[in-house]
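Student: I've never looked at this one before. Can you walk me through it, and let me ask how you know each thing?

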Amino acid sequence: MKILVADDSSAERKNAREVLEAAGYEVVEATDGQQAIEAFAMERPDLVVLDVVMPRLTGLEACRILKAKSQ
């Protein structure tokens, strides 16, 4: 299972990666909402974890865009 983790904090992404990989998941990272949308299109993850407050595009905006594209 592949999980996309989007967070502008490198420490939070690192923590998420360590926990998820230890549990056997493949992790893809993004540093903001725009990059999360681009990574989603390329990687097609099974799950997306979004920070709410990020530069360029917030997690909520990214979520709305991803939801609209999946319908």
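Tutor: Let's begin with burial: buried residues make up 32% of the 71 residues in the chain. Keep in mind that this is a predicted model.

Student: Okay, what makes Arg13 buried?

Tutor: Its relative accessible area is 11%. Buried means under 20%, so Arg13 counts as buried. Arg13 lies in helix α1. Leaving aside neighbours within four places in sequence, Arg13 is in contact with Val5, Asp7, Asp8, Glu29, Ala30 and Thr31.

Student: And how do you know that Arg44 is exposed?

Tutor: Set its value against the cut-off: Arg44 has 55% relative accessibility, and exposed means over 50%, so the word fits Arg44. You'll find Arg44 in the loop between α2 and β3 (47-50). Arg44 also has a positive phi of about 50°, although it is not a glycine.

Student: What about Arg56, buried or exposed?

Tutor: Exposed, because its relative accessible area is 61% and the cut-off is over 50%. Arg56 is in the loop between β3 and α3. Its phi is positive too, about 65°, and Arg56 is not a glycine either.

Student: Let's zoom out. What is the order of the elements along the chain?

Tutor: Starting at the N terminus, they run β-α-β-α-β-α. That comes to three helices and three strands.

Student: Why is the chain called as compact as a globular protein of its length?

Tutor: The radius of gyration is 11 Å, close to the 11 Å that the globule rule gives for 71 residues, so the description holds. As for the box around the C-alpha atoms, it is roughly 30 × 25 × 15 Å along the principal axes.

Student: Now the strands. What makes β1 and β2 a pair?

Tutor: Strand β1 (residues 2-6) and strand β2 (residues 26-30) share five bridges. Pairing takes at least two bridges, so they qualify, and the sense is parallel. For instance, the bridge partner of Leu4 in β2 is Val28. Between those strands the chain passes through helix α1 (residues 10-22), making a β-α-β crossover that is right-handed.

Student: Why is that crossover called right-handed?

Tutor: Imagine the strands pointing away from you: right-handed means that the path from the first strand over the helix to the second runs clockwise. The crossover from β1 through α1 to β2 is right-handed, so its path runs clockwise in that view.

Student: Which residues make up the largest nonpolar core?

Tutor: There are twelve: Leu4, Ala6, Val28, Ala30, Ala36, Ile37, Ala39, Phe40, Met54, Leu57, Ala62 and Leu66. β1, β2, α2 (33-43) and α3 (59-70) each supply at least two of them. The largest share, four residues, comes from α2.

Student: What makes that a nonpolar core?

Tutor: To be in such a set, a residue must be buried, be of a listed type such as Ala, Val, Leu, Ile, Met or Phe, and be joined to the set through side-chain atoms within 4.5 Å. These twelve make up such a core, so each of them counts as buried. In soluble globular proteins, nonpolar side chains tend to be buried together.

Student: Which residues does Ala30 contact?

Tutor: Beyond its neighbours within four places in sequence, Ala30 is in contact with Leu4, Val5, Ala6, Asp7, Arg13, Gln35 and Ala36. Leu4, Ala6 and Ala36 are also listed in the core.

How values were computed. Residues are numbered from 1 along each chain as its sequence is written. This is a predicted model: local features need pLDDT of at least 70, side-chain atom pairs count only at pLDDT 80 or more; totals for chains, interfaces and linings use all residues. Side-chain values use heavy atoms; hydrogens and water are left out. Helices (H or I, at least four residues) and strands (E, at least two) are DSSP runs, numbered from the N terminus. Buried means under 20% relative accessible area, exposed over 50%, partly exposed in between (1.4 Å probe, protein chains only). Contact means heavy atoms within 4.5 Å. The radius of gyration is taken over C-alpha atoms; the globule rule is 2.2 Å times the number of residues to the power 0.38.
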